[in-house]
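Biologist: I am new to this structure. Please pick out one part and take a close look at it. Then show me how it fits with the rest.

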Amino acid sequence: MTANAASRLIQHYVDNFRRLPWRSSPGSPAAGPYRVWLSEVMLQQTTVAAVVPRFQRFIGRWPTIEALAEARDEDILSEWAGLGYYARARNLIACAREIARRGRFPTTAAELRQLPGIGAYTAAAIAAIAFGEKAAAVDTNVERVFARLDGMTQVRRSQIGSRLVDFMDGQQPGDVIQALMDLGASVCRPRQPRCDACPLSADCAAFASGEPERFPARREHKARPHRYGTAWWIERDGHVWLVRRPETGLLGGMLALPGGDWVDADMAADMRLGTVRHVFTHFSLDLAVEVRTEPVGEGSWHPIARLRDAGLPTLYRRAAEVALKRPREARAAA
Ligand code: SF4
């Protein structure tokens with residue numbers, strides 16, 4: 001590896017960095033830990049394009065971690081609706097309250113790791129970006145770049161972590177991480193990497209091989225099991241009956257249409273309004289939407305005209321759309 005590889009990486013970052021609302025410009029004082037933390041939690045499993053407008057709404061509503069810590073759970077969960085992976089939102093609430101209780105944001109990766117919902121990667125990313133610690137924040141982009149630089153077919157995480165920390169020598173750790181994130185997202189892409197635009201090509205074993213896409217070897221994806229469930233559309237006087245899902249488990253604490261358990265066989269009646277197919281991380285689901293007339297479970301009536309603002313997660317928002325595509329008489333008679 002030529003000695004100035006990190007400098008070339010940073011120069012490429014300075015010339016090309018993505019302007020994102022949670023970042024400061026390269027070389028300028030670090031963004032505050034609240035913004036870095038919130039963005040890192042939102043970006044887990046969600047694309048940058050989807051996160052940007054949601055991040056701005058969130059920050060507009062709760063500009064400080066103290067404000068977030070004081071917010072009602074229901075308000076935070078409904079603001080999170082549509083971002084998916086709702087355990088993140090519940091951990092976010094617990095984490096904000098713990099930080100507010102302590103009176104300050106922890107400043108090291110080791111301390112951050114103790115907070116609810118903050119794993120090794122997120123702790124390292126916050127410590128490096130917000131507090132300048134040389135912490136090995138290895139996400140999939142960083143992993144891919146170093147696997148290719150070193151010609152690894154099998155990813156060796158600890159080696160990649162050490163290589164990343166070496167890159168931080170003489171540089172701002174946050175800039176190095178964000179430079180690698182950007183490089184992995186826009187140049188060293190999983191498919192068709194743009195090696196001709198890469199500041200590290202002179203040091204790259206994968207590029208030298210002539211087949212950079214071969215590194216690292218792709219992981220085999222296991223087939224997802226499929227499940228079936230039913231959601232009940234219960235309508236009265238322009239209102240629909242909504243319940244809150246149990247605190248723990250999938251979509252925990254979120255508003256939902258009531259319904260039965262999700263099972264391995266299709267048990268829905270033939271008189272369904274329609275079906276929504278939804279893919280979770282570990283399984284896919286067909287959710288049949290059926291009409292019922294009497295309220296089920298603990299819940300409340302929500303005006304149908306304002307259902308968009310109720311904070312339904314994507315699965316139930318789509319189930320409601322299936323019901324509302326049918327004329328009102330059909331919804332009552334199905
Ligand atoms: Fe990735 Fe190509 Fe750059 Fe190597 S030269 S790091 S494969 S973009």
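**A covered helix and its surroundings**

Modeller: Start with helix α2, residues 33–43, which is mostly covered: eight of its eleven residues are buried. Keep in mind that this is a predicted model. The buried residues of α2 are Tyr34, Val36, Trp37, Leu38, Ser39, Glu40, Val41 and Met42. Ser39 and Glu40 are on that list too, and they count as polar and charged in turn.

What lies over these residues? The cover includes α3 (48–61), α4 (65–70), α5 (73–80) and α6 (87–102). Helices α8 and α11 are also part of the cover.

Just past the end of α2 comes Gln45, with a positive phi of about 70 degrees. Most residues other than glycine have a negative phi. So keep an eye on that spot when you trace the chain out of the helix.

Now follow one residue of α2 inward. Trp37 is one of the residues with the most contacts inside the largest nonpolar core; Trp233 and Tyr316 are the others named. That core has 103 residues. Its largest share, eight residues, comes from helix α8, residues 120–131. Helix α8 also helps to cover α2.

Take Tyr316 next. Leaving aside neighbours within four places in sequence, Tyr316 is in contact with Ala231, Arg245, Leu251, Leu255, Ala256, Leu257, Trp262 and Leu287. One of these, Leu251, deserves a stop. Leu251 lies in the loop between β2 (239–244) and β3 (255–256). It is not a glycine, yet its phi is positive, about 55 degrees. Leu251 is buried because its relative accessible area is 7%, under the 20% cut-off.

Back to the cover of α2, and to helix α11 in particular. Gln178 is found in this helix, which runs over residues 173–186. Its relative accessible area is 7%, so Gln178 counts as buried. Beyond its neighbours within four places in sequence, Gln178 is in contact with Tyr13, Arg23 and Ile129.

Ala185 is in helix α11 as well. Here the relative accessibility is 35%, so Ala185 counts as partly exposed. With neighbours up to four places away left out, Ala185 is in contact with Arg18, Asn141 and Arg144. Compare Ala185 with Gln159: they are 26 residues apart along the chain, and their C-alpha atoms are separated by 21 Å.

Another part of the cover leads to a loop. Tyr85 lies between α5 and α6. Its phi is near 50 degrees, a positive value in a residue other than glycine. Tyr85 is partly exposed because its relative accessible area is 37%, and that falls between the 20% and 50% cut-offs.

Move on to the loop between α12 (205–209) and β1 (226–236), where Pro216 has its place. A cis peptide bond joins Phe215 and Pro216, with omega about -15 degrees. Most peptide bonds are trans.

Arg218 sits in this loop between α12 and β1 too. At 47% relative accessible area, Arg218 is partly exposed. Not counting residues up to four places away in sequence, Arg218 touches Pro190, Arg191 and Glu213. Arg218 and Gln154 are 64 residues apart in sequence, but their C-alpha atoms are 8.9 Å apart in space.

Then there is the ligand. It sits in the largest cavity. Around the ligand are Arg148, Val187, Cys188, Cys195, Cys198, Ser201, Cys204, Phe207 and Pro212. By class, this shell has seven nonpolar residues, one polar and one charged. Cysteine counts as nonpolar here, so the cysteines add to the seven.

Last, step back to the whole. The protein has 14 helices and six strands. Its C-alpha trace spans about 75 × 50 × 30 Å along the principal axes. Of the 334 residues, 47% are buried. Take the contacts with a separation of 6 or more: residues 24 or more positions apart account for 67% of them. Against that background, look at α2 again: eight of its eleven residues are buried, and Trp37 is among the residues with the most contacts inside the largest nonpolar core.

How values were computed: Residues numbered from 1 in each chain as written. Predicted model: local features only at pLDDT ≥ 70, side-chain atom pairs only at ≥ 80, totals over all residues. Heavy atoms only, no water. Near = heavy atom within 4 Å. 1 Å grid on protein atoms, 1.4 Å probe; cavity = no way out; pocket = protein on both sides within 12 Å on 5 of 7 lines; lining within 4 Å. Sits in = over half its atoms within 2 Å of the grid points. Core = buried A, V, L, I, M, F, W, Y, C linked by side-chain atoms within 4.5 Å. Buried < 20%, exposed > 50% of the residue type's maximum accessible area, 1.4 Å probe, protein only. Helix = DSSP H or I, 4+ residues; strand = E, 2+ residues; numbered from the N terminus. Contact = heavy atoms within 4.5 Å.
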